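Hi,

Here is the structure I promised to send over. Have a look at it first, and then read on for my notes.

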Amino acid sequence: MLGWDNKEKIAMLQAEVRQLQQDEKEVATKVRRIEADTKNAQEKRETYSKLFDKYDKFDDIDWWSCALVIQQKEEQKRQLEETNDKVKMLQGQLERVRKELGALEEKFNEAIGNKALLENRENILKKQSNDCALALAQIGVVDTDAFESQHTDLLNVALVGLDKMRDTLQSDINSALRKQRETKGSKSGDLKNLIYRFKNPTEEITAKYRDWRSDVNRLPEAVEFVGEYQTYYQRLLDEDLPGFESRFNKYLQENIINKVSAFNMFFQNWRQSITKTIDQLNSYLVGIDFKDAPKTYIQLVAAKRLNVDLKEFQDLLSSAIPNIHEMNSTIDGSRIHFEQHIEPLMSRLQDESWRKLVMDVRGWYTYKAEEFYQDDDQKRNTYEAMGQLSGGEKAQLTYTILGSAIAYQFGLTKNGLDSSFRFIAIDEAFRAQDEDKARYLISLCKQLHLQLLVVTPSDNIHIVENDISYVHYVERKGDRSVLYNMPISEFKAERERSMEV
C-alpha cells in the first residue's frame with residue numbers, strides 16, 4: 001500500500017502457516033495415541049473389574065505362596081535323599097521290584113492269552129476229530145494206496161492246512177470234471193455235426209460223387225455207433241485213397257504253398273517300395289528351404305500303424321508261409337499246414353471289406369512330417385496333423401510335400417536340365433493366403449526349376465512379377481475379351497504410363 005515490497009512478510013507468514021500445520025499434525029498424532037492409551041486403559045479396567053468380581057480375596061489367586069512351599073518341600077526331600085544312603089538303596093530296590101512286577105504282569109497276561117488260544121484250538125481239534133470219526137464210520141474201509149501214490153504231496157500236509165488243501169483238491173477235481181463234461185459235450189456235438197455233414201454233404205460233393213448218399217445211407221446217425229464210420233473210413237483207405245491224398249499233398253506243396261510265398265513277397269516288395277519312395281522324397285526335401293529364418297527343411301516319416309485287423313492279417317500271412325523242414329517231417333505235413341494255416345487265411349480273405357482294408361499296404365503306416373534346422377540337422381517340429389496349423393502353414397506344408405512329389409514323379413533334380421519339360425499351372429493360388437506364403441510357393445517352384453504358368457487377378461501380379469518373364473494380360477471390352485501378350489518389362493512400362501496418366 002505504501003509502495004514497499006512485502007515478499008518477506010508473505011514468506012514469514014507462509015512459514016508460520018506451515019509450522020502451524022506441522023504442529024497440528026503432531027498434536028493430532030498425540031491425540032490419537034492418547035485415545036488408544038485411554039481405550040487400552042478402559043479394557044484393562046474392565047478386565048480387572050471382572051477379576052475383582054470373580055475373586056474376592058487374594059488367597060484364591062496366590063499361586064506364588066503354594067509354589068514356594070512346594071519348592072521348599074522338594075529341596076528338603078532332595079537334601080534328605082542326598083544325606084541318607086539307606087533311602088537311596090530302598091528307592092533302588094523299590095524301582096527294581098516295580099520293574100519285575102511289570103514283567104510278571106506281562107507274562108501273566110501273555111499266559112492267559114495263550115491259554116485261551118489253546119483252549120480254542122483244543123475245541124476245534126475235538127470237533128475235527130469227531131467229524132473225521134463220523135466220516136470214517138460212514139465210508140468204511142477204503143484202499144487209499146493209489147490215491148496216495150498219485151498225490152504224494154498230500155502226505156506232508158500239516159493238520160492246520162489240511163482243510164485248505166482239501167478244499168483246493170476238491171475244487172481242482174470239480175474243475176477237471178466240469179472240463180471233461182464240457183469236452184465230452186463239445187466232442188459229442190462236433191461228432192453229431194460231422195456225422196450229419198458226412199451223410200448230408202454239399203451239392204458240390206454229391207455232384208462229384210453221385211453214389212455218395214446211397215453208400216452212406218446205411219450208416220446210423222447215433223454217436224454211439226461212430227465205430228462203423230471208422231470202419232468205413234478204413235475201407236476207403238484200403239481202396240488206395242492215400243495215393244490220391246499223396247498227389248494232393250504234392251499239389252499243395254508245389255503250387256498253393258509256393259503261391260502263398262509269392263503272395264507274401266508281393267507285400268514285402270510293396271513295403272520296400274513305400275520305404276524307398278519316402279527315402280527318395282526326403283532326398284529332394286532336404287534341398288528345399290521350408291523356412292528362411294532360420295533355414296529349415298522337411299522330412300517324411302512312416303511309422304507302423306497299430307491296428308488289430310492289420311496285425312491279424314500279418315500274423316495269418318506269416319503263419320501261412322511254410323516251414324519246409326517241419327512240413328516234410330510228417331507224411332501229412334503239407335495237408336496239415338494247409339488246413340491249419342493257409343485255409344484260415346483264405347477264409348478270412350472272403351470278407352471283402354476286411355480284405356480291402358488289410359491288403360492296401362499304404363494303410364499299414366501312419367505318416368508325419370518332421371522339420372529340421374539345415375545348420376545342425378536338429379529337429380525343430382513334428383507335424384502329425386494339420387488341425388493345429390493356420391491356413392497359411394497348411395498351404396506351405398502341402399506345397400513343400402507336393403513339390404517333392406512332383407520332383408520324384410518326373411525325375412527332376414534341383415539342377416534340372418533346361419530342355420526337360422517341367423510345366424505346371426497354378427490357378428488363383430494367391431486368393432486365400434497371405435503374400436509371404438504365396439512368395440514361398442514361387443520360391444519353391446524356382447528351387448525345383450519348374451516351368452510355371454500363374455493365373456491370377458491383376459491386383460496380385462506384384463507377388464510374382466519379379467519371378468516371371470512373360471505376361472498374357474486379359475482385358476474385357478464389352479461382350480468380348482482381349483488378350484495382350486508382352487514381356488514382363490513391357491508390362492511394367494505400360495503400367496507406369498497408365499498410372500502417370
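Let me start with a question: in which helix do R497 and E494 both lie, and how many residues apart are they? They are both in helix α16, three residues apart, which is about one turn of the helix. Before I go further, please keep in mind that this is a predicted model.

**Salt bridges**

The side chains of R497 and E494 meet in a salt bridge, at 2.2 Å from N to O. The spacing makes sense: an α-helix has 3.6 residues a turn, so residues three or four places apart point the same way. Both partners are partly exposed, R497 at 42% relative accessibility and E494 at 37%.

A search of the whole structure turns up 10 salt bridges. Another one within a single helix is E122 with K126, where the closest N and O atoms are 3.4 Å apart. These two sit four residues apart in helix α3 (residues 85–139), again about one turn. E122 has a relative accessible area of 41%, so it is partly exposed, and K126, at 46%, counts as partly exposed too.

E465 and R495 also form a salt bridge through their side chains, at 2.9 Å from N to O. E465 lies in the loop between β6 (451–455) and β7 (470–477), while R495 is in helix α16 (residues 488–500), so this pair ties together parts that are 30 residues apart in sequence. Here E465 is buried, with a relative accessible area of 12%, whereas R495 is partly exposed at 27%.

There is a network as well: salt bridges link E312, R348 and D351. R348 comes up again below.

**The aromatic residues**

The whole structure holds 12 aromatic pairs. One of them is F313 with W354, an edge-to-face pair with 6.0 Å centre to centre and 70° between the planes. Why does this pair tie together parts that are apart in sequence? Because F313 lies in helix α10 (residues 308–320) and W354 in helix α13 (residues 352–358), so the parts it joins are 41 residues apart. Both F313 and W354 are buried.

The pair belongs to one aromatic cluster, made up of F263, F266, F267, W270, F313, W354 and W364. W354 has a charged neighbour too: the charged end of R348 sits over its ring, 4.1 Å from the centre. So if you click on R348, you will find it both over the W354 ring and in the salt-bridge network with E312 and D351.

**Helix α10**

Since F313 is in α10, here is what I have on that helix. With 13 residues at 1.5 Å a residue, α10 should span 18 Å, and its end C-alpha atoms are indeed 18 Å apart.

Which residues of α10 are buried? They are L310, F313, L316, L317 and A320. Seen down the helix axis, the buried residues of α10 fall within an arc of 135°, so they line one face of the helix. On the other side, V308 and K311 are exposed.

N307 caps the N-terminal end of α10, with a side-chain oxygen 2.8 Å from the backbone nitrogen of D309.

**A few single residues**

- E370: this one is in strand β3 (residues 365–373). With a relative accessible area of 11%, E370 is buried, and its side chain makes a polar contact with the side chain of K379, at 3.2 Å.
- D377: you will find it in the loop between β3 and β4 (379–383). D377 has a positive phi of about 60° although it is not a glycine. For context, most residues other than glycine have a negative phi. D377 is partly exposed, at 47% relative accessibility.
- E326: it belongs to helix α11 (residues 324–327) and is exposed, with a relative accessible area of 53%. E326 and H337 are 11 residues apart in sequence and 9.5 Å apart in space, C-alpha to C-alpha.

If you open just one spot, try W354, with F313 as its edge-to-face partner and the charged end of R348 over its ring.

Cheers

Notes
Residues are numbered from 1 along each chain as its sequence is written. This is a predicted model: local features need pLDDT of at least 70, side-chain atom pairs count only at pLDDT 80 or more; totals for chains, interfaces and linings use all residues. Side-chain values use heavy atoms; hydrogens and water are left out. Rings of Phe, Tyr and Trp (its six-membered ring) pair if their centres lie within 6.5 Å; planes under 30 degrees apart count as stacked, over 60 as edge-to-face and the rest as tilted. Buried means under 20% relative accessible area, exposed over 50%, partly exposed in between (1.4 Å probe, protein chains only). A charge sits over a ring if NZ of Lys or CZ of Arg is within 6 Å of the ring centre and within 35 degrees of the ring normal. A salt bridge is a side-chain nitrogen of Lys or Arg within 4 Å of a carboxyl oxygen of Asp or Glu. The expected span of a helix is 1.5 Å times one less than its number of residues. The arc is that of the directions from the helix axis to the C-beta atoms. A polar contact is a pair of N or O atoms within 3.5 Å; within protein, one must be able to donate a hydrogen and the other to accept it, and residues adjacent in sequence count only if both atoms are side-chain atoms.
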